[in-house]
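Colleague: I am new to this structure and would love a close look at one small part of it, the aromatic side chains that group together. Could you start there and then walk me outward to the rest?

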Amino acid sequence: MLDEYVTLPRPHRVDLLIAATGLVGGLIMWWFGLYVTTDHVFGQRWATLIPLTVMAGAEAVRRTAPRTALIVGTLAIVADQFTNGNLATVLMFTDVVYAAVVYGPPASARRIPYTTGLITVAVTAGFLIWWQNAYALLVGVITGMISFLPAITGAIVRNHREAADAARLRAEQTALLAEMDRAQAVVAERARMARELHDMVANHLSAIAIHSTAALSLDEPATTRQALTVIRENSVAGLAEMRRLIGLLRDSGGDAEPGAVPSLDALDGLLARARANGSSGGLEFVLEDTRPADGAALPAPVELAAYRIVQESLTNAVKHASPGTVTVRVGRCDGVLTVAVDSPYGKRPGPSVPGTGSGLVGMRERTELLGGEFRAAAAGAVWQVRAVLPADEKAGNA
């Protein structure tokens, strides 16, 4: 029946080993007659074993029941002063005090160093009044070494452990927030792509509707043939955009209205705005567009992705680049479109603008969804952004 109501703490394996080691060491010293002092109240040889055994029991529960171990250990060390004494009992008591601070409740861990410090001062003052010689100071030093010093050591160790746990928790929370930011950036980027592609498809369908109306209302073969040709071209383009839309977007976007769709023909205006924003930071912007003038039109998702990559790279350069020249290179060859942005990389004078890294996440997401390759890294004193996008009609199809 007693087991149903009382659960005794199970000693830790390391604590049992420490207790057994201390007990064996004390027994060896007792066997060879190595005492701390002589001529005490209980001068019998066997009396020393009682505090030694009790202290070993306190050591066995130093981690599972630290406050109980400290109370029992304190009684044992006081009792040991009335016997011939054993060095192992004293050493085990210092460990019990240390363990009570390290493993005990926070309130006990805060009180024990102050309590042991006051006891040390009180013992020193009491013996000075009683003996009125330098031996009282020696007793005070010994009292501090076996009580106050272990308590302070335990407090230092506990503070370091708590600081390490807090730093580990902050690191885990930071990693979780970074992952949430990355996921949010991906979702936001796909939502914006959905709105832009929705606008493209809507343009094609509007053209189909207009020309089909003209073909039905006019009874002229030439006009009808021209309208049907335009309808076919827009139908093919619209279906291609729809296939790309299904393949690229796996999550639904927002409910915002679609906006105007930019293209690579607007890069000059994009660099003009970057010059206006970055001139105060000592930045210059250069565009090198080596695409063939008579080349076939790029798939809309590819051209849109390339434009956004340049736009985000210029924004990052204005925010983070050191003074120098930012070079934007756009080229098309062998069925691929290459986008390269080089910006000065180094210590930026004046205050810097903090970044979340979501821009790089968005650029990488756009490139990989189109089946391309993306890389952004520092190369010496230059921050390089490289994107290789497929430029044929199959780019981005599901």
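**A close look at the aromatic cluster**

Modeller: W130 is exposed, with a relative accessible area of 63% (exposed means over 50%, buried under 20% and partly exposed in between, using a 1.4 Å probe and protein chains only). Before we go on, please keep in mind that this is a predicted model, in which local features need pLDDT of at least 70 and side-chain atom pairs count only at pLDDT 80 or more, while totals for chains, interfaces and linings use all residues. Residues are numbered from 1 along each chain as its sequence is written, and side-chain values use heavy atoms, with hydrogens and water left out.

Now to the company that W130 keeps. F127, W130 and W131 make up one aromatic cluster. A pair of aromatic rings is described by the distance of the centres and the angle of the planes. Here the rings of Phe, Tyr and Trp (its six-membered ring) pair if their centres lie within 6.5 Å; planes under 30 degrees apart count as stacked, over 60 as edge-to-face, and the rest as tilted. By that rule the structure has four aromatic pairs. One of them joins F127 to W130, and this pair is stacked, with 5.8 Å from centre to centre and 25° between the planes. What separates these two along the chain? F127 and W130 are three residues apart in helix 5 (residues 106-131), so about one helical turn lies between them (helices are DSSP runs of H or I with at least four residues, strands are runs of E with at least two, and both are numbered from the N terminus). F127 itself is partly exposed, because its relative accessibility is 22%. The rings of F127 and W131 have centres 4.6 Å apart and planes at 55°, so this pair is tilted. F127 and W131 are four residues apart in helix 5, again a separation of about one helical turn. W131, at 35% relative accessibility, counts as partly exposed.

An aromatic ring can also have a charge over it. That label applies if NZ of Lys or CZ of Arg is within 6 Å of the ring centre and within 35 degrees of the ring normal. R45 lies over the face of W30 in this way, 4.3 Å from the ring centre.

From here, let's turn to charges that meet each other. Side chains of opposite charge can pair when their charged atoms come close. The model holds 11 salt bridges, each being a side-chain nitrogen of Lys or Arg within 4 Å of a carboxyl oxygen of Asp or Glu. R62 and D15 form one of them, with their closest N and O atoms 2.8 Å apart. This pair links distant parts of the chain, since R62 sits in the loop between helix 2 (49-60) and helix 3 (66-80), D15 is in helix 1 (residues 13-31), and 47 residues separate them. R62 counts as buried at 4% relative accessibility, and D15 counts as buried at 0%. Both belong to a network of salt bridges that links D15, E59, R62, R63 and D95.

A salt bridge within one helix joins R158 and E162, at 3.2 Å from N to O. They are four residues apart in helix 6 (residues 135-217), which means about one helical turn separates them. R158 is buried, at 13% relative accessibility, whereas E162 is partly exposed, at 41%.

Another salt bridge takes us to the strands: R386 pairs with D342, their closest N and O atoms being 2.7 Å apart. Here too the pair links distant parts of the chain, with R386 in strand 5 (residues 382-390) and D342 in strand 3 (residues 336-344), 44 residues apart. R386 is partly exposed at 22% relative accessibility, and D342 is buried at 13%. Strands 3 and 5 run antiparallel and are joined by nine bridges; two strands pair if DSSP finds at least two bridges between them. R386 also appears here, as the bridge partner of A340. Strand 4 (residues 373-379) runs antiparallel to strand 5 as well, with seven bridges between them. Strands 4 and 5 form a hairpin with two residues between them, and G380 in the turn has a positive phi of about 70°.

Finally, a word on confidence. The protein chain averages a pLDDT of 80, and 74% of the residues score at least 70 (pLDDT is the predictor's confidence in each residue, from 0 to 100). Confidence is highest in helix 4 (residues 87-103), at a mean of 93, and lowest in helix 7 (residues 221-248), at 64.
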